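Work through the exercises below with the sequence and the model open. Try each task before reading its solution.

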Amino acid sequence: MDYEPSNILLVEDEEAHAELTKRAIRKAGNANRVDIVSNGEQALDYLYNREKYADKKKYPVPGLILLDIKLPGIDGIDVLKTIKEDPGLKQIPVIMLTTSEREEDIVRSYEHYANSYLTKPVGFKAFEEKIAQVDFYWMILNKRPLIED
Amino acid sequence: MRHMETASEQIRIRVEGLMNARMVSLEILADRWVERTPPDFSRKRFLEFAENFYTHYPGFTGINWIDPGGIVRWVFPREGNEGFIGNMVSEHLNSRVRDPFQKAGEHLQYATTPCAELIQGGLGFHTFWPLIYNNRVQGYLNGVFRVKRVMDTCLAKNILTDFWIRIYEADRLIYTNEEQSHINPKKDNLHVLRGIHFPGKTWQLELFPKADLYPPKVVRNPGLLAFGLFISAILSLLLHFLNHRMQMYRRARDHALHEVSERKRAQEALKKNEKKLEALLTELAAKNAELETFVFSVSHDLKTPIVTIEGFMGALREDFGNLIPEDCEKYLNYIGDATQKMELLINDLLELSRIGRLTVKKTEFPLADLIEEAVAALQPPIEARNIQVTVTQDLPLVYGEKKRLAQVMENLLSNAIKYIDKENPSPRIEVGVQEQDDQKVIFVRDNGIGIEKTYFEKIFQVFQRLPSAKMIEQGTGVGLAIVKRVIEYHGGRVWLESEPGKGTTFFFTLKNKEA
């Protein structure tokens with residue numbers, strides 16, 4: 001069965017930021033599932049259906065990945081690299097979502113084929129607006145390929 | 001008897017003269033060899049030198065080069081000297097040769113051996129001249145003198161025919177023209193003794209009249225004697241002159257060598273200092289970069305909690321707004337203001353750490369653009385405070401990173417706005433350019449509260465704010481630090497003039513575009 005994936009994987013080690021992001025997505029009117037993992041290792045487990053994410057039905061390929069750069073252990077860039085080098089995962093849009101404005105991080109992200117690079121805005125309104133725009137663009141405007149299940 | 005005196009004097013003068021001259025020539029050769037930088041110790045060059053000296057200065061038996069290890073390598077002339085090639089002088093069987101050679105190497109001074117049987121044949125002696133370059137011995141110049149050859153060169157025919165000659169070194173007879181001993185000194189006490197001195201050597205000359213010649217010649221011709229004495233006096237003078245010249249030459253050489261080594265030492269010290277300075281600068285640059293990176297990453301880490309605070313403050317208001325009592329709202333506002341201020345601070349710090357780290361291409365553009373943009377950006381507070389801003393006409397082009405310079409102008413203007421007393425009836429800011437010491441100086445002048453002289457330097461430091469700034473709400477204390485960093489990064493200078501109660505003027509200069 002082909003399906004258009006619609007769940008969002010949020011990779012964020014800062015629990016509060018994860019909560020804020022999820023809240024903003026909800027507020028934007030997106031009812032899709034948002035799964036949160038807090039480090040790079042878990043993100044890869046999720047994507048390859050390993051360990052506690054072994055149930056493929058429950059954890060299908062996500063339609064969008066929001067990926068923080070600074071993560072404990074395997075960092076965001078490593079996760080990005082793994083995704084973009086895997087033929088089965090590379091078509092998933094990966095949005096880097098971070099507080100870092102380091103040019104180095106931006107350059108490295110695009111070097112490894114990130115689909116977008118966003119900084120978390122300071123300020124409640126600005127933050128919510130940006131997340132809403134991301135959701136609107138990537139989940140609604142943007143046409144994604146169907147994925148074989 | 002007097003005739004004998006004259007003859008012995010003549011022999012002395014000639015031997016001393018010849019040997020002095022040969023020693024000097026060897027010294028010159030040794031010096032010439034190392035005066036090139038770097039020295040050109042080639043066999044070809046050596047043989048050219050040696051041949052020249054051998055031909056033009058008779059008396060040499062050999063002119064050779066000994067390598068730093070003490071092995072004889074190059075000889076001139078080859079005939080008669082070939083047996084010497086490959087000899088290890090430093091381990092010569094005869095200590096009378098070996099010791100002076102080692103002494104020459106240790107004392108870095110010429111040394112002369114006592115007379116001994118030469119490998120080249122006959123009785124003779126060596127002189128060794130260390131060739132010193134860069135404080136290292138690059139080998140030795142070796143002059144070989146056979147005593148017979150020296151004497152043959154020196155002695156006039158009539159002396160040989162008239163006298164028996166004996167020369168002693170220490171107590172050893174090293175030269176005589178007798179085929180067999182004719183003299184019995186005990187019986188024949190009509191002889192003359194003379195000392196012969198030249199660098200490194202003292203010889204004793206003994207002169208006997210051949211039997212048939214004496215005594216008739218002795219007093220018979222006083223004119224000849226007078227002439228002889230005259231000649232002798234002239235030769236003495238000549239010798240004296242020669243000696244004097246040699247000493248002068250030596251002194252000059254020593255002086256020159258000393259000067260060269262002094263200069264070398266100074267150069268080396270300078271090089272060392274340069275290296276030290278370079279290392280220090282590299283270290284400093286590394287430390288500076290490290291510090292900037294640190295500030296940058298710390299600022300980012302600080303941003304993370306602010307996103308959280310602001311986010312949840314918003315969420316609180318949104319989700320529970322109607323439940324929040326009025327007092328609580330007030331407290332939330334305090335938290336909100338503090339957070340916003342922290343955010344400003346962090347952004348300013350980030351900006352400060354970017355100056356010089358992130359470089360954009362410098363361009364030339366009208367100063368008027370900068371001022372216009374800054375005034376436009378600050379229009380709201382300018383209008384709110386009813387400040388009259390005047391900009392002088394005919395502004396020049398400036399050269400630099402436009403974005404950074406715009407920031408400078410904006411910071412200076414906003415600073416001026418901040419420090420104008422709210423009670424001021426006619427607040428004014430003037431922006432323009434004036435000529436000062438052939439330099440274009442850009443200024444921002446206000447009629448605000450002014451600054452005490454003690455704070456003139458301090459206000460450019462990060463987080464330094466004036467005591468009077470307490471009554472001013474905004475400001476992070478980074479703005480002027482950014483101004484200073486940007487201007488200095490552009491090779492310019494920033495300073496101020498101020499009088500409390502009357503106002504402040506900030507000045508800055510920029511470098512012209514390089515030709």
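**Exercise 1. The sheet at strand 17**

Task: Which residue is the bridge partner of B:V494 in strand 17 of chain B?

Solution. The partner is B:F508. This is a predicted model: local features need pLDDT of at least 70, side-chain atom pairs count only at pLDDT 80 or more, and totals for chains, interfaces and linings use all residues. Residues are numbered from 1 along each chain as its sequence is written, and chains are lettered from A and ligands numbered from 1 in the order in which they are written.

Step 1. Find the elements. Helices (H or I, at least four residues) and strands (E, at least two) are DSSP runs, numbered from the N terminus.

Step 2. Pair the strands. Two strands pair if DSSP finds at least two bridges between them. Strand 16 and strand 17 (residues 503-508) of chain B are joined by six bridges and run antiparallel.

Step 3. Widen the view. The order in this open sheet of chain B is 12-14-15-17-16, five strands with mixed pairing. Its edges are strand 12 (388-391) and strand 16 (494-499) of chain B, each paired on one side only. On average, neighbouring strands of this sheet are turned by 20° against each other, direction ignored. Axes here are lines fitted to C-alpha atoms, for helices over the stretch in contact, and angles run from 0 to 180 degrees between N-to-C directions.

Step 4. Add the helix. Helix 11 (residues 402-418) of chain B lies across strand 14 (428-436), strand 15 (439-446) and strand 17 of chain B. Helix 11 of chain B runs at about 30° to strand 15 of chain B.

**Exercise 2. Two faces of one strand**

Task: In strand 13 (residues 397-400) of chain B, which side chains point to the buried face?

Solution. Start with the rule. In a regular strand the side chains alternate between the two faces of the sheet. Next, set the cut-offs: a residue is buried if 20 or more other C-beta atoms lie within 10 Å of its own, exposed if 12 or fewer, and partly exposed in between, with C-beta atoms placed from the backbone. B:V398 and B:G400 point to one face and are buried. B:L397 and B:Y399 point to the other face and are not buried. Finally, find the neighbour. Strand 11 (residues 363-366) of chain B runs antiparallel to strand 13 of chain B, with four bridges between them. B:E364 is the residue opposite B:Y399.

**Exercise 3. A hairpin and a loop**

Task: How many residues lie between strand 1 and strand 2 of chain B in their hairpin?

Solution. Five residues lie between them, and B:G70 in the turn has a positive phi of about 95°. Strand 1 (residues 62-66) of chain B pairs antiparallel with strand 2 of chain B over four bridges. One match is B:N64 with B:V75. Four of the five residues of strand 2 of chain B are buried.

Now follow the chain onward. B:N94 sits in the loop between strand 2 (72-76) and helix 3 (95-107) of chain B. B:N94 is exposed, because 11 other C-beta atoms lie within 10 Å.

**Exercise 4. Helix 1 of chain A**

Task: What span should helix 1 (residues 15-27) of chain A have at 1.5 Å a residue?

Solution. The expected span is 1.5 Å times one less than the number of residues. For the 13 residues of helix 1 of chain A this gives 18 Å, and the end C-alpha atoms are 18 Å apart, which agrees. Its buried residues include A:H17, A:L20 and A:A24. The buried residues pack against elements including helix 5 (124-141) of chain A and helix 7 (222-320) of chain B. A:G29, with a positive phi near 95°, follows helix 1 of chain A.

**Exercise 5. The contact between chains**

Task: Which element gives the largest share of the side of chain B that touches chain A?

Solution. Count residues in contact, meaning C-beta atoms, placed from the backbone, within 7 Å. The contact takes 13 residues from chain B and 13 residues from chain A. Helix 7 of chain B gives the largest share of the chain B side, 12 residues. For the complex, the predictor gives an ipTM of 0.75 and a pTM of 0.45.

Methods: Contact = placed C-beta atoms within 7 Å.
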